[in-house]
Amino acid sequence: MENGAAQPVIVAIDGPSGTGKSSTSKAVAAQLGLSYLDTGAQYRAITWWMVTNGIDIEDPTAIAAVAGKAEIVSGTDPANPTITVDGIDVAGPIRTQEVTSRVSAVSAVPEVRARITELQRSLATGAEKGIVVEGRDIGTTVLPDADLKIFLTASPEARAARRSGELKGSDVAATREALIKRDAADSSRKTSPLAKADDAVEVDTTELTLAQVVECVVTLVEEKRAGK
């Protein structure tokens, strides 16, 4: 075990959907005794709130006007990550197709990004031992000074297969189309698009097992810590 004096380490893990970001990030955090934050869940949570409250998702002005209203609380224990909105557990509801199909539109609104980014930064700076933060713009926008930045990639086919395995009974071809569409939307949005930071380490997970990806990232974190 490391001694208690180890510096808190901030790890940013970015990449498109279906690359194994969540599974990898949770496992790495658990193995290294770090906190864990799924930033996608926060964007899903605010999207769920907008949908539930009948906000017009097609209208960025309407979204911007209420961007600060929902109280979003993220639990950062990798063994049991939680998310609540106004005290309601939304871990299940935020994974529905209804939310998934709208999250890109909501998260493209600058006021939403500013609000959630602020939330993410305060969680990251408050993590005593350090944190693994996964998302799409962590290394570029949210935590540009992260100690280690990882960018996970995989072929669209591999990603669709993984994602449809997660979404029970969904069709791989339809999932692949939805993934490509969402990535295009997230990569082309004006405010903090999905992008690889210049100093990020790219890990292609297409041919790797989850255990291999975790091992690779843990090794990178440990090398970073040793060099500190």
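What follows is a chat about reading a few features of this predicted model.

Colleague: Let's start with the sheet. In what order do the five strands of the open sheet come?

Modeller: Go across the sheet from one side to the other and name each strand as you meet it. Here the order is E2-E6-E1-E7-E8, and the pairing is parallel. The strands at the edges are E2 (35-38) and E8 (201-204), each of which pairs on one side only. On average, neighbouring strands in this sheet are turned by 20° against each other, direction ignored.

Colleague: How many bridges hold E1 and E6 together?

Modeller: Six bridges, in the parallel sense, link E1 (residues 9-14) with E6 (residues 130-135). You can follow them residue by residue: Ala-12 has Val-133 in E6 as its bridge partner, and Ile-13 stands opposite Glu-134.

Colleague: And how many bridges join E2 to E6?

Modeller: Four, with the two strands running parallel. On this side, Ser-35 is partnered with Ile-131 of E6, while Tyr-36 is partnered with Val-132.

Colleague: Now the faces. Which residues of E6 lie on one side, and which on the other?

Modeller: Look at which way the residues point from the strand, then check each set for burial. In E6, Gly-130, Val-132 and Glu-134 are on one side, and Ile-131, Val-133 and Gly-135 are on the other. Both faces are covered, with all of these residues buried. Put as a count, six of the six residues in E6 are buried.

Colleague: What about E2, at the edge: are its residues buried or exposed?

Modeller: Buried. Ser-35 and Leu-37 point one way from E2, Tyr-36 and Asp-38 point the other way, and all are buried.

Colleague: Let's try a loop. Where does Asp-77 lie?

Modeller: Find the elements on either side of the residue. Asp-77 is in the loop that runs between strand E3 (72-75) and strand E4 (82-85). The side chain of Asp-77 reaches the backbone nitrogen of Ala-79 at 2.8 Å. Asp-77 and Lys-26 are 51 residues apart along the chain, and their C-alpha atoms are separated by 8.7 Å.

Colleague: Why is Asp-77 called partly exposed?

Modeller: Because its relative accessible area is 42%, and that label covers values between 20% and 50%.

Colleague: Does the same reading work for Thr-209? Where is it, and why is it called partly exposed?

Modeller: Thr-209 lies in the loop between E8 and helix H10 (210-226). Thr-209 is called partly exposed because its relative accessible area is 43%. For a distance, take Ala-160: it is 49 residues from Thr-209 along the chain, and the two C-alpha atoms are 16 Å apart.

Colleague: Last one, the empty space inside. How many cavities of 30 Å³ or more are there?

Modeller: The general idea is that a probe the size of a water molecule, rolled over the atoms, shows where empty space is left. In this model the count is one cavity of 30 Å³ or more. The largest cavity has a volume of about 30 Å³.

Colleague: Which residues line the largest cavity?

Modeller: The lining is Asp-14, Gly-139, Lys-149, Ile-150, Phe-151, Ala-195, Lys-196, Ala-197 and Ala-200. Strand E7 (residues 148-153) supplies the largest share, three residues.

Colleague: What does the lining look like by class?

Modeller: Five of the lining residues are nonpolar, one is polar and three are charged.

Key: Residues are numbered from 1 along each chain as its sequence is written. This is a predicted model: local features need pLDDT of at least 70, side-chain atom pairs count only at pLDDT 80 or more; totals for chains, interfaces and linings use all residues. Side-chain values use heavy atoms; hydrogens and water are left out. Buried means under 20% relative accessible area, exposed over 50%, partly exposed in between (1.4 Å probe, protein chains only). A polar contact is a pair of N or O atoms within 3.5 Å; within protein, one must be able to donate a hydrogen and the other to accept it, and residues adjacent in sequence count only if both atoms are side-chain atoms. On a 1 Å grid over the protein atoms alone, a cavity is a set of points where a 1.4 Å probe fits but cannot get out, and a pocket is an open set with protein on both sides within 12 Å along at least five of seven lines; lining residues have an atom within 4 Å of a point. Grid points are joined across faces, edges and corners, and a volume is the space filled by probe spheres set on the points. Ala, Val, Leu, Ile, Met, Phe, Trp, Tyr, Cys and Pro count as nonpolar, Asp, Glu, Lys and Arg as charged, and the others, Gly among them, as polar. Two strands pair if DSSP finds at least two bridges between them. Axes are lines fitted to C-alpha atoms, for helices over the stretch in contact, and angles run from 0 to 180 degrees between N-to-C directions.
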